[in-house]
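Okay, thanks for having me, everyone. Let me put the structure up and then we'll walk through it together.

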Amino acid sequence: RHTAFPRSFTAQAKIVRSEEPTAFAWRMGVPGFLAIEETFEITPNERGSTLRHRMEGRGLVAYLSLRIVERRLRGLIVKTDIALDRHLRGAPTPPPR
């Protein structure tokens, strides 16, 4: 359930990249109309590691509505990153609203 959008939704996604343990990506949507790709990459740094999370929209709908959904997608990425950080640190996850 993605709470950054007014309604919840479920969609099937295809894994398009899997490089354990450093990278993972999936894609969902209708090619040419709207496709969303979400990528996670882990790189080592002097303090441990850095996680880069990226979401990219492609297709006609993404092009036409980029400005409208950009803020909501950014909010979704932030919420996803917070939940992932809590999970990786072993913190309890708050119940869904």
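When I say helix or strand today, I mean a DSSP run: at least four residues of H or I for a helix, at least two of E for a strand, numbered from the N terminus. Counted that way, this chain has 2 helices and 4 strands. And please keep in mind that what you're looking at is a predicted model.

So, the big picture. Going along the sequence, the pattern reads β-β-β-β-α-α. The chain has 97 residues, and 20% of them count as buried. Its accessible surface comes to about 8100 Å², with 56% of that belonging to carbon and sulfur atoms. If you take contacts between residues at least 6 apart in sequence, 28% of them join residues at least 24 apart.

Let's do the sheet. What order do the strands come in? It's S1-S2-S3-S4, an open sheet of 4 strands with antiparallel pairing. On the edges you've got S1, residues 14-19, and S4, residues 48-58, and each of those pairs on one side only. From one strand to the next, the twist averages 10 degrees. As a quick reminder, strands in a sheet pair through backbone hydrogen bonds, either parallel or antiparallel.

Start at the S1 end. S1 and S2 run antiparallel, joined by 5 bridges. If you want one spot to look at, find Arg-17: its bridge partner in S2 is Ala-25. The link between S1 and S2 is a hairpin, through 3 residues. Now zoom in on that loop, because there's a proline in it: Pro-21 sits between S1 and S2. The peptide bond going from Glu-20 into Pro-21 is cis, with omega near -5 degrees.

While we're in S1, look at two of its residues, Ser-18 and Glu-19. Buried or exposed, or something in between, for Ser-18? Ser-18 comes out partly exposed, at 49% relative accessible area, and the cut-off for exposed is over 50%. Glu-19 is partly exposed as well, at 40%. Both can be placed against residues further along the chain. Ser-18 and Phe-40 are 22 residues apart in sequence, with 9.8 Å between their C-alphas. For Glu-19 and Glu-41, also 22 residues apart, the C-alpha separation is 9.1 Å.

Over to the other side of the sheet. S3 and S4 pair antiparallel over 11 bridges. One pair to click on there is Thr-43, which stands opposite Thr-50 in S4.

I want to spend a minute on two residues in S3. One is Thr-39. Thr-39 has 3% relative accessibility, so it counts as buried, given that the cut-off is under 20%. What is around it? Setting aside residues up to four places away in sequence, Thr-39 touches Arg-17, Phe-24, Ala-25, Arg-52, His-53 and Arg-54.

The other one is Glu-37, again in S3. Is this glutamate buried or exposed? Glu-37 is buried, with a relative accessible area of 14%. Its side chain makes a polar contact with the side chain of Arg-27, at 2.6 Å. Leaving out neighbours within four places in sequence, the residues in contact with Glu-37 include Val-16, Trp-26, Arg-54, Met-55 and Arg-58.

Last stop, the core. In soluble globular proteins, nonpolar side chains tend to be buried together. Here, the largest nonpolar core has 8 residues: Trp-26, Met-28, Ile-36, Phe-40, Met-55, Leu-73, Leu-76 and Ile-77. Which elements supply at least two residues each? Those are S2 at 23-30, S3 at 34-45 and helix H2 at 66-88. H2 gives the most, with 3 residues.

If you'd like a contact to look at within that group, go to Ile-77. Not counting residues up to four places away in sequence, Ile-77 touches His-53 and Met-55. Met-55 is a core residue too, and we just met it as a contact of Glu-37. His-53 came up as well, on the list for Thr-39.

So to recap: an open antiparallel sheet in the order S1-S2-S3-S4, a cis bond leading into Pro-21, and a largest nonpolar core of 8 residues where H2 gives the most. That's my bit, happy to take questions.

Technical notes
Residues numbered from 1 in each chain as written. Predicted model: local features only at pLDDT ≥ 70, side-chain atom pairs only at ≥ 80, totals over all residues. Heavy atoms only, no water. Core = buried A, V, L, I, M, F, W, Y, C linked by side-chain atoms within 4.5 Å. Buried < 20%, exposed > 50% of the residue type's maximum accessible area, 1.4 Å probe, protein only. Contact = heavy atoms within 4.5 Å. Pairing = 2+ DSSP bridges. Axes fitted to C-alpha atoms, helices over the stretch in contact; angles between N-to-C directions. Areas by Shrake-Rupley, 256 points an atom, 1.4 Å probe, with all protein chains shown as cover. Polar contact = N/O pair within 3.5 Å; in protein donor to acceptor, adjacent residues only side chain to side chain.
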